[in-house]
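Please look at the sequence and the 3D structure shown here, and keep both in view while you read the questions and answers.

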Amino acid sequence: MSEKRLLLGDEAIALGAINAGLSGVYAYPGTPSTEITEFIQNSPLAIERNIHSRWSTNEKTAMEEALGMSYMGKRALVCMKHVGMNVAADAFVNSAMTGTNGGLIVVAADDPSMHSSQNEQDSRFYGKFAMMPIFEPSSQQEAYDMTAYAFDYSERYKTPVLMRMVTRMAHSRAVVKTDEAREQNSISYPTNPNDWVLMPAVARRRNRELIKLNEQFLADAECSPFNKLTLGADKTVGIIACGIAYNYLMELYPEGCPFSVLKLSQYPIPASTVRILASKCDSLLVLEDGQPFVEEAIRGILPTPIPVKGRLSGDVPRTGELNPDNIMPALGITDKEVFDPCPLVVPRPPALCQGCGHRDMYSALNEVLKEYKSARVFSDIGCYTLGFLPPYRAIHSVVDMGASITMAKGASDAGQHPSVAVIGDSTFTHSGMTGLLDAVNENSDITILISDNLTTGMTGGQDSAGTGRLESICIGLGVAKEHVRVVVPLPKNMDEMKEIIRQEINHRGVSVIIPRRECIQTARRHSKKP
């Protein structure tokens, strides 16, 4: 029976997947994608159906696990934020070559304006690079409907599909009309088993087939229910509005847009439809939340030159999120109120929570490093990244997940001492272990602090893959047992922490110190549970 529910965009995808017969979701927590998996983990129907929903160690393992479920004929969902696509890229790109058996949707949640990210990359480029169909919902209702459609589409053409979200779509709510849940697929083996063995001879054949298949993807985009061309009376400009940008455009014209508009939510870019729009207008304006993916591409689609405006032309801001206010100048709208930030609200930078173990770890580390000339601390992605800010000012680099250990090793190779790496427990198992193995193999002169708060704290307290096993992992990778040290980061243990840090810095080889204390927020949640 259908019902109406108030859902985040992330939750709309999650419920759409459950109701489409999902058998497993695979993900590593990353804002703004985290709520998709959390919704499935807490769904009574998902629990009743035993839908897999445990967190994966990183995005690459998630992608490969989902591909394995698809191989068995079941429907699988992979969720990650945009930088997670970089981690999953090897498996993601090659999944287009193997194809699928059960439906497979890869959700990439992009973060324009970098609310919690290192960059503003646009995952649509990954979809085009992999020659994969791309879906980009413009509303929460469309996110729900599109999920079932994308699973069917994946199974029809035996191809994975990419669904691209952005922060505002993921984290805003709207009423969504839902329908009944279909049954899960039964186990079945691929009818094309040889395609899954990417030896060069197979890969060359699959590459030709995938290129040919893209002709069908393009034809489908031309008549997609999610792409719509509406002709308007005003011919001065035609608008291509991608995903959530269509929502913003319609918000500015509640009585109907006077211009011709192509709503674009399924890719490849429907070239014939773009040409029809261009033939009716004096110029084109591209509205897309992210990089100028469409704006660049349509310049090669149009048969005759026509002015194309958008992020590249400067008519729309080149960086950051789109919103109804910042697209008004490109539309010539001057009579609507613009809602600027309140001048009375003073921005407050984020800070480590009171009672956080990372605070005591940084306090001890800073005290010890005063004893050394030109010490360098290479940090990583997590709550402890806030150690860059006052009052600690404790770290000198943050690049990507797992880079702290390998950068510390490279600095040591160049002659740096002390060379210190700070990494969290979840980030260590995500992508720090291989760097530690490199360091062990060369007995690098580095000191590694795995600040263990027993959770994935930055994204809300999800389970951490290495909880209870960090010491055995480090020893198993070859770190000498006597140089794997554990300490409880509390003010009363400050002298002990400082002495351990000092001893291991002076040890000319690989040392691992594990300051371990539960995240204060997670501990608070645990204390409230019956």
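The questions below go through parts of this predicted model one after another.

Q: Is strand β3 largely enclosed or largely exposed?
A: Strand β3 covers residues 75–81, and 7 of its 7 residues are buried, where buried stands for under 20% relative accessible area. Both of its faces are covered, with R75, L77, C79 and K81 on one side and A76, V78 and M80 on the other. Because 7 of the 7 residues are buried, the rest of the structure leaves strand β3 largely enclosed.

Q: Which residue of β4 is the bridge partner of V78?
A: V78 belongs to the buried residues on one face of β3, and Y26 stands opposite this residue, in keeping with the 5 bridges over which β2 (residues 22–27) and β3 pair in the parallel sense. Strand β3 is also joined by 6 bridges to strand β4 (residues 104–110), and these two run parallel. In β4, the bridge partner of V78 is V106.

Q: What is the handedness of the β-α-β crossover from β3 to β4?
A: Strands β3 and β4 run parallel, and between them the chain passes through helix α5, which spans residues 82–98. This β-α-β crossover is right-handed.

Q: Which strands are the edge strands of the open sheet with the order β8-β10-β9-β12-β13?
A: This open sheet has 5 strands with mixed pairing. Within the sheet, β9 (residues 234–242) and β12 (residues 284–287) pair in the parallel sense over 4 bridges, and I239 stands opposite L285 in β12. An edge strand pairs on one side only, and this holds for β8 (228–230) and β13 (308–309).

Q: At about what angle to β9 does helix α10 run?
A: Helix α10 consists of residues 244–252 and lies across β8, β9, β10 and β12. Helix α11 (residues 271–279) packs on the sheet too, touching β8, β9, β10 and β12, and its direction makes about 165° with that of β10. For helix α10, the angle to β9 is about 140°.

Q: Why is one side of β14 and of β17 left without a neighbour in the sheet?
A: The sheet in question is open, has 5 strands in the order β14-β15-β16-β18-β17, and shows parallel pairing. Both β14 (376–378) and β17 stand at the edges, so one side of each is left without a neighbour, as each has a single partner strand.

Q: Which residue of β18 is the bridge partner of L449?
A: Strands β16 and β18 run parallel and are joined by 3 bridges. In β18, the bridge partner of L449 is I513.

Q: What angle does the direction of helix α16 make with that of β15?
A: Helix α15 (residues 403–413) packs on the sheet by touching β14, β15 and β16, and its direction makes about 175° with that of β15. Helix α16 (residues 425–441) also packs on the sheet, but touches β15, β16 and β18, and here the angle with the direction of β15 is about 140°.

Q: Within what arc do the buried residues of α18 fall?
A: Helix α18 (residues 494–506) has 13 residues and reaches 18 Å from its first C-alpha to its last. Its buried residues are M494, M497, K498, I500, I501, E504 and I505, and what covers them includes α14 (357–369), β15, β16, β17 and β18. Seen down the axis of α18, the buried residues line one face of the helix, because they fall within an arc of 165°.

Methods
Residues are numbered from 1 along each chain as its sequence is written. This is a predicted model: local features need pLDDT of at least 70, side-chain atom pairs count only at pLDDT 80 or more; totals for chains, interfaces and linings use all residues. Side-chain values use heavy atoms; hydrogens and water are left out. Two strands pair if DSSP finds at least two bridges between them. Contact means heavy atoms within 4.5 Å. Axes are lines fitted to C-alpha atoms, for helices over the stretch in contact, and angles run from 0 to 180 degrees between N-to-C directions. Buried means under 20% relative accessible area, exposed over 50%, partly exposed in between (1.4 Å probe, protein chains only). A crossover is right-handed if, with the strands pointing away from the viewer, the path from the first strand over the helix to the second runs clockwise. The expected span of a helix is 1.5 Å times one less than its number of residues. The arc is that of the directions from the helix axis to the C-beta atoms.
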